[in-house]
Amino acid sequence: MASRFPHALLGTISSPVASLTRLAQPIDFEGPDDDPVDLIYTVLWPRSATSAFLPALSQICRLFRASRVRERIRQARSSDEALAILETEPLPEFPPICILPASGLAL
(Lines give C-alpha, C1' and ligand atoms only; values in the text may rest on other atoms or scores of the structure.)
Protein backbone atom coordinates (compact mmCIF):
# COMPACT_ATOMS: atom_id res chain seq x y z
CA MET A 1 0.00 0.00 0.00
CA ALA A 2 1.12 3.51 -0.74
CA SER A 3 1.08 6.92 0.89
CA ARG A 4 0.34 10.31 -0.65
CA PHE A 5 1.29 13.88 0.31
CA PRO A 6 -1.31 16.55 -0.45
CA HIS A 7 0.29 19.94 0.15
CA ALA A 8 -0.47 23.64 -0.19
CA LEU A 9 1.18 27.01 0.30
CA LEU A 10 -1.15 29.38 2.18
CA GLY A 11 -0.93 33.05 2.98
CA THR A 12 -3.29 32.67 5.96
CA ILE A 13 -1.09 30.63 8.30
CA SER A 14 2.12 31.64 10.06
CA SER A 15 3.70 28.22 10.70
CA PRO A 16 3.62 24.80 9.03
CA VAL A 17 0.89 22.34 9.97
CA ALA A 18 0.56 18.68 9.04
CA SER A 19 -1.95 15.90 9.55
CA LEU A 20 -1.64 12.15 9.22
CA THR A 21 -4.60 9.98 8.28
CA ARG A 22 -4.57 6.21 8.19
CA LEU A 23 -7.54 5.01 6.17
CA ALA A 24 -9.51 2.02 7.46
CA GLN A 25 -10.11 0.98 3.84
CA PRO A 26 -7.37 1.81 1.29
CA ILE A 27 -8.51 3.72 -1.78
CA ASP A 28 -7.45 3.52 -5.41
CA PHE A 29 -5.55 6.74 -6.04
CA GLU A 30 -4.63 5.79 -9.61
CA GLY A 31 -0.99 6.56 -8.88
CA PRO A 32 1.89 5.42 -11.06
CA ASP A 33 2.53 2.41 -8.80
CA ASP A 34 -1.16 1.31 -8.84
CA ASP A 35 -0.95 0.61 -5.09
CA PRO A 36 -4.02 1.49 -3.04
CA VAL A 37 -3.43 4.41 -0.65
CA ASP A 38 -3.90 3.94 3.09
CA LEU A 39 -1.69 6.71 4.55
CA ILE A 40 -2.27 10.38 3.81
CA TYR A 41 0.10 12.98 5.22
CA THR A 42 -1.19 16.48 4.49
CA VAL A 43 1.10 19.53 4.72
CA LEU A 44 -0.02 23.17 4.90
CA TRP A 45 2.89 25.59 4.64
CA PRO A 46 2.98 29.39 5.08
CA ARG A 47 3.57 31.24 1.83
CA SER A 48 5.96 33.48 3.79
CA ALA A 49 8.38 30.54 4.24
CA THR A 50 8.48 29.12 0.71
CA SER A 51 12.27 28.70 0.71
CA ALA A 52 11.98 26.02 3.40
CA PHE A 53 9.00 24.26 1.83
CA LEU A 54 10.65 22.01 -0.77
CA PRO A 55 13.44 20.81 1.57
CA ALA A 56 10.84 19.96 4.23
CA LEU A 57 8.58 18.18 1.73
CA SER A 58 11.60 16.24 0.50
CA GLN A 59 12.39 15.12 4.07
CA ILE A 60 8.80 14.01 4.59
CA CYS A 61 8.86 12.02 1.34
CA ARG A 62 12.12 10.34 2.34
CA LEU A 63 10.65 9.42 5.72
CA PHE A 64 7.55 7.82 4.24
CA ARG A 65 9.55 6.10 1.52
CA ALA A 66 11.00 3.87 4.26
CA SER A 67 8.77 0.80 4.43
CA ARG A 68 9.66 0.24 8.11
CA VAL A 69 8.21 3.66 9.00
CA ARG A 70 5.01 3.04 7.03
CA GLU A 71 4.57 -0.38 8.62
CA ARG A 72 5.16 0.97 12.13
CA ILE A 73 2.51 3.65 11.53
CA ARG A 74 0.09 1.04 10.20
CA GLN A 75 0.63 -1.04 13.34
CA ALA A 76 0.16 1.92 15.71
CA ARG A 77 -2.78 1.37 18.05
CA SER A 78 -3.39 5.03 18.86
CA SER A 79 -2.79 8.54 17.60
CA ASP A 80 -0.21 9.06 20.34
CA GLU A 81 1.70 5.96 19.24
CA ALA A 82 1.71 7.09 15.58
CA LEU A 83 2.91 10.55 16.61
CA ALA A 84 5.68 9.02 18.73
CA ILE A 85 6.85 7.01 15.71
CA LEU A 86 7.12 10.17 13.62
CA GLU A 87 8.82 12.11 16.42
CA THR A 88 11.54 9.45 16.87
CA GLU A 89 12.60 9.51 13.24
CA PRO A 90 15.88 11.37 12.59
CA LEU A 91 14.46 14.17 10.43
CA PRO A 92 14.80 17.71 11.74
CA GLU A 93 12.18 20.45 11.69
CA PHE A 94 8.99 18.49 11.22
CA PRO A 95 5.92 20.72 11.17
CA PRO A 96 3.48 20.21 14.06
CA ILE A 97 1.43 17.10 13.33
CA CYS A 98 -2.23 16.58 14.08
CA ILE A 99 -3.44 12.98 14.05
CA LEU A 100 -7.22 12.89 14.29
CA PRO A 101 -9.49 9.86 14.36
CA ALA A 102 -12.66 10.26 12.33
CA SER A 103 -15.62 8.19 11.23
CA GLY A 104 -14.42 5.43 8.92
CA LEU A 105 -10.77 6.07 9.71
CA ALA A 106 -8.50 3.89 11.76
CA LEU A 107 -6.25 5.51 14.38
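**Strands, helix α2 and a salt-bridge network**

Reader: Which residue stands opposite Ile 27 in β4?

Author: The model here is predicted, so local features need pLDDT of at least 70 and side-chain atom pairs 80 or more, while totals for chains, interfaces and linings use all residues. Residues are numbered from 1 along each chain as its sequence is written, and side-chain values use heavy atoms, leaving out hydrogens and water. Strands (E, at least two residues) and helices (H or I, at least four) are DSSP runs numbered from the N terminus. In β4, the residue opposite Ile 27 is Val 37.

Reader: How many bridges pair β3 with β4?

Author: Two strands pair if DSSP finds at least two bridges between them. Strand β2 (residues 7-10) runs parallel to β4, joined by 4 bridges, and one partnership there is Ala 8 with Leu 44. β3 and β4 pair in the antiparallel sense, and their bridges number 7.

Reader: Is β4 largely enclosed or open, and how many of its 10 residues are buried?

Author: Buried means under 20% relative accessible area, exposed over 50%, and partly exposed in between (1.4 Å probe, protein chains only). The rest of the structure largely encloses β4, because the number of its 10 residues that are buried is 8.

Reader: Which element gives the most residues to the largest nonpolar core?

Author: A nonpolar core is a set of buried Ala, Val, Leu, Ile, Met, Phe, Trp, Tyr and Cys residues joined through side-chain atoms within 4.5 Å. This one has 18 residues, and those touching the most other members are Leu 20, Tyr 41, Val 43, Phe 64, Ile 73 and Leu 86. At least two residues come from each of β3 (17-27), β4 (37-46), α1 (50-65), α2 and α3 (79-88). With 6 residues, the element that gives the most is α1.

Reader: Why are the buried residues of α2 on the same side, and what arc do they cover?

Author: In α2 (residues 67-75), the buried ones are Val 69, Arg 70, Ile 73 and Arg 74. The arc is taken from the directions from the helix axis to the C-beta atoms. These residues lie on the same side of α2 because they cover an arc of only 135°.

Reader: Which residues form one network through shared salt bridges?

Author: A salt bridge is a side-chain nitrogen of Lys or Arg within 4 Å of a carboxyl oxygen of Asp or Glu. Arg 74 meets Asp 38 at 2.5 Å, and Arg 74 also meets Glu 71 at 2.7 Å. Arg 74 is in helix α2 and Asp 38 in strand β4, so that pair ties together parts 36 residues apart in sequence. The network's members are Asp 38, Glu 71 and Arg 74.
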